[in-house]
Amino acid sequence: MSELVSTRIRTTAGKLGLPHLAEALNQYAQRADEAKMGYLDFLDLVLSEELAVRDDRRFRQGLRLSRLPHHKTLEDYDFSFQPDLEPRKVKDLATLSFVDGKANAALLGPPGVGKTHIAVALAVAACRAGYSIYFTSLDDMVRNLTAAEAAGRLTSKLGTYLRPSVLVVDEVGYQPLERAEANLVFQVISKRYEKGSIILTSNKTFSECGQVFGDEVLATAILDRLLHHCDVIAINGPSYRLKNRLAAIERDTQVA
């Protein structure tokens, strides 16, 4: 390939918004020569590589904006430590059919059993598949919406929790809500109903939600929309955090 043609292709690639093609042109040409590719095979190579680079860029940008506390995957989750949790149920969720159907997923259980880990892993998988994601604790969401309402910016702030294809709401039930706060949660759940997915984690059962939302009628309205299309997984095993803490204490004792 002549230098003139290479320069022209790089310039055109830049104008088309294909920076990777401009950078990797010589590498592509060398691979084509070595494999004796035809024109269509070479074009397929270039377009496939460019799409892969663009998807990876979008994925990394999506994770950066998601506010996820970490980027753990299901491969990092120790199912053997939770023998009562059937891996198939979690892996079925990881197919993202519930996201495709704009349905919800709820992970219930005591603190430390890995609910947030699974919720984050599902969100990472959704981001990889091209869905927009956003993570928040229930407490942070309520605090932000309350402040926005007081400042006359509630509609704008609601968009933060309505725009993503997948909204992860963590730690539902750790702090009881006032009725006005629960009403803000209802607005999010109601406006997302059948329009986007929610992945929820909670240390409470659904029968205890009246205590969480401070009003049985409002709790019922929230649950009605949340659970209409929802996969529920209960995790009732031991705490990972306690296991790790006990292991650390045991190591320190042995060293001492």
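**Group meeting: a walk along one chain**

Thr7 has a relative accessibility of 39%, so it counts as partly exposed. Before I go on, please keep in mind that this is a predicted model. Thr7 is part of helix α1, residues 3-15. Pro19 comes 12 residues away from Thr7 along the chain, and the two C-alpha atoms are 13 Å apart.

Next, helix α2. This helix covers residues 19-35, which makes 17 residues. From the first C-alpha to the last, α2 reaches 24 Å, close to the 24 Å expected at 1.5 Å a residue. Where is the kink in α2 centred? On Leu25, where there is a kink of about 60 degrees. Leu25 is also one of the buried residues of this helix. The others on that list are Leu21, Ala22, Ala24, Tyr28, Ala29 and Ala32.

After α2 comes Lys36, with a positive phi near 50 degrees. For background, most residues other than glycine have a negative phi. Two more residues belong with Lys36 on this point. Arg67 has a positive phi near 65 degrees, and Arg67 is not a glycine. You will find Arg67 in the loop between α3 and α4, where α4 is 87-93. Is Arg67 buried or exposed? Arg67 counts as exposed because its relative accessible area is 59%, and the cut-off for exposed is over 50%. The other case is Glu194, which is not a glycine either and has a positive phi of about 60 degrees. Glu194 sits in the loop that runs between α9 (179-192) and β4 (197-202). With 43% relative accessibility, Glu194 is classed as partly exposed.

Now the charged pairs. In general, side chains of opposite charge can pair when their charged atoms come close. How many salt bridges does the structure hold? There are eight. I will take three of them in turn.

Start with Arg31 and Glu49. Their closest N and O atoms are 3.4 Å apart, and the two form a salt bridge. Arg31 belongs to helix α2 and Glu49 to helix α3, so this pair ties together parts that are 18 residues apart in sequence. Both partners are partly exposed: Arg31 because its relative accessibility is 30%, and Glu49 because its value is 26%.

The next pair is Arg143 with Asp140, a salt bridge at 2.2 Å from N to O. What separates these two along the chain? Three residues, about one turn of the helix, since both lie in helix α7, residues 138-150. Arg143, at 46% relative accessible area, is partly exposed, and so is Asp140, at 30%.

Then there is Arg179 with Asp215, where the side chains meet in a salt bridge at 3.1 Å, N to O. This pair links distant parts of the chain, 36 residues apart: Arg179 is in helix α9, while Asp215 is in the loop between α10 (209-213) and α11 (216-227). Why is Asp215 called buried? Because its relative accessibility is 18%, and buried means under 20%. Arg179, in contrast, has a relative accessible area of 47% and is partly exposed. Before leaving the charges, note one network: Asp56, Arg60 and Arg128 are joined by salt bridges that share partners.

Let me turn to the nonpolar side chains. As a rule for soluble globular proteins, nonpolar side chains tend to be buried together. Here, the largest nonpolar core has 32 residues. Which of them touch the most other members? Leu68, Leu85, Ile118, Ile133 and Ile199. The elements giving two or more residues to this core are α3, α4, α5 (97-100), β1 (104-108), α6 (115-128), β2 (133-137) and β3 (166-172). Of these, α6 gives the most, with nine residues.

There are also nonpolar residues on the surface. Leu40, Leu43 and Leu47 form a nonpolar patch there, and together they have about 330 Å² of accessible area. Leu40 is in helix α3, which runs over residues 39-66. Leu40 counts as exposed because its relative accessibility is 71%.

To recap with places you can click on: the kink at Leu25 in α2, the salt bridge between Arg179 and Asp215, the core to which α6 gives nine residues, and the surface patch of Leu40, Leu43 and Leu47. That is all from me.

Technical notes. Residues numbered from 1 in each chain as written. Predicted model: local features only at pLDDT ≥ 70, side-chain atom pairs only at ≥ 80, totals over all residues. Heavy atoms only, no water. Patch = residues over 30% accessible without salt bridge, like charges linked within 9 Å, V, L, I, M, F, W, Y side chains within 5 Å. Areas by Shrake-Rupley, 256 points an atom, 1.4 Å probe, with all protein chains shown as cover. Salt bridge = Lys/Arg side-chain N within 4 Å of Asp/Glu carboxyl O. Helix = DSSP H or I, 4+ residues; strand = E, 2+ residues; numbered from the N terminus. Buried < 20%, exposed > 50% of the residue type's maximum accessible area, 1.4 Å probe, protein only. Expected span 1.5 Å × (residues − 1). Bend = angle between axes of the 7 residues up to and from the residue. Core = buried A, V, L, I, M, F, W, Y, C linked by side-chain atoms within 4.5 Å.
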